[in-house]
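Here is a short tour of one protein model, written for someone new to reading structures. Have a look at the sequence and the 3D view, then read on.

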Amino acid sequence: EKTIEDKAFRLVCSFIKLGDNRKIVCGCENGNFCFYDMNTGEYKITRYNHNSIISDLLLIDDSTFISCSQDKTIKVWKCYK
């Protein structure tokens with residue numbers, strides 16, 4: 001349906017579908033997140049969320065997810081609509 005290519009991604013290592021089922025978050029090798037909205041086709045990349053590979057993402061509820069990284073940190077994030 002849609003292919004997103006951006007040099008800021010590097011290797012995409014993990015992803016989750018957010019609570020509304022129309023948005024996804026991808027965790028990348030370089031510590032960046034990519035948020036993609038399937039309704040609008042828009043995406044944004046947030047940089048420097050971790051200092052290393054984001055190895056896993058877990059959805060906690062409709063507005064909260066957890067990321068863990070090879071930088072030896074676990075972080076809790078709020079997603080705003």
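## The nonpolar core

This is a predicted model, and a good place to start is its largest nonpolar core. That core has 8 residues: Ile16, Leu18, Val25, Phe33, Ile54, Leu57, Phe65 and Cys79.

Let's zoom in on one member, Val25. Setting aside residues up to four places away in sequence, Val25 touches several other core members, namely Ile16, Leu18, Phe33, Leu57 and Phe65. Val25 also touches Ser14, Phe15, Cys34 and Phe35.

## A three-stranded sheet

Now for the strands. An open sheet is built from 3 strands in the order 5-6-7, with antiparallel pairing. Which strands stand at the edges? Strand 5 and strand 7 do, and each has a single partner strand, so one side of each has no neighbour in the sheet. On average, and ignoring direction, neighbouring strands here are turned by 25° against each other.

Take a look at where strand 5 meets strand 6. The two run antiparallel and are joined by 6 bridges. If you want to find one pairing on screen, look for Leu59, whose bridge partner in strand 6 is Phe65. You've met Phe65 already, as it belongs to the largest nonpolar core.

## A buried histidine in a loop

His50 sits in the loop between strand 4 and strand 5. Is His50 buried or exposed? It counts as buried, because its relative accessibility is just 2%, and the cut-off for buried is under 20%.

What does the side chain of His50 meet in there? One polar contact, of 2.7 Å, links it to the side chain of Ser67. Another, of 3.2 Å, links the His50 side chain to that of Asp71. Beyond its neighbours within four places in sequence, His50 is also in contact with other residues, including Asn30, Gly31, Thr73 and Trp77.

## Two residues with positive phi

Most residues other than glycine have a negative phi. With that in mind, check out Tyr48, which has a positive phi near 60°. Tyr48 lies in the loop between strand 4 (43-46) and strand 5 (54-61), the loop that also holds His50. Tyr48 is exposed, with a relative accessible area of 71%.

Lys72 is another non-glycine residue with a positive phi, near 70°. You'll find Lys72 in the loop between strand 6 (64-69) and strand 7 (74-78). Lys72 counts as exposed because its relative accessibility is 81%, and exposed means over 50%.

Key:
Residues numbered from 1 in each chain as written. Predicted model: local features only at pLDDT ≥ 70, side-chain atom pairs only at ≥ 80, totals over all residues. Heavy atoms only, no water. Helix = DSSP H or I, 4+ residues; strand = E, 2+ residues; numbered from the N terminus. Buried < 20%, exposed > 50% of the residue type's maximum accessible area, 1.4 Å probe, protein only. Pairing = 2+ DSSP bridges. Axes fitted to C-alpha atoms, helices over the stretch in contact; angles between N-to-C directions. Core = buried A, V, L, I, M, F, W, Y, C linked by side-chain atoms within 4.5 Å. Contact = heavy atoms within 4.5 Å. Polar contact = N/O pair within 3.5 Å; in protein donor to acceptor, adjacent residues only side chain to side chain.
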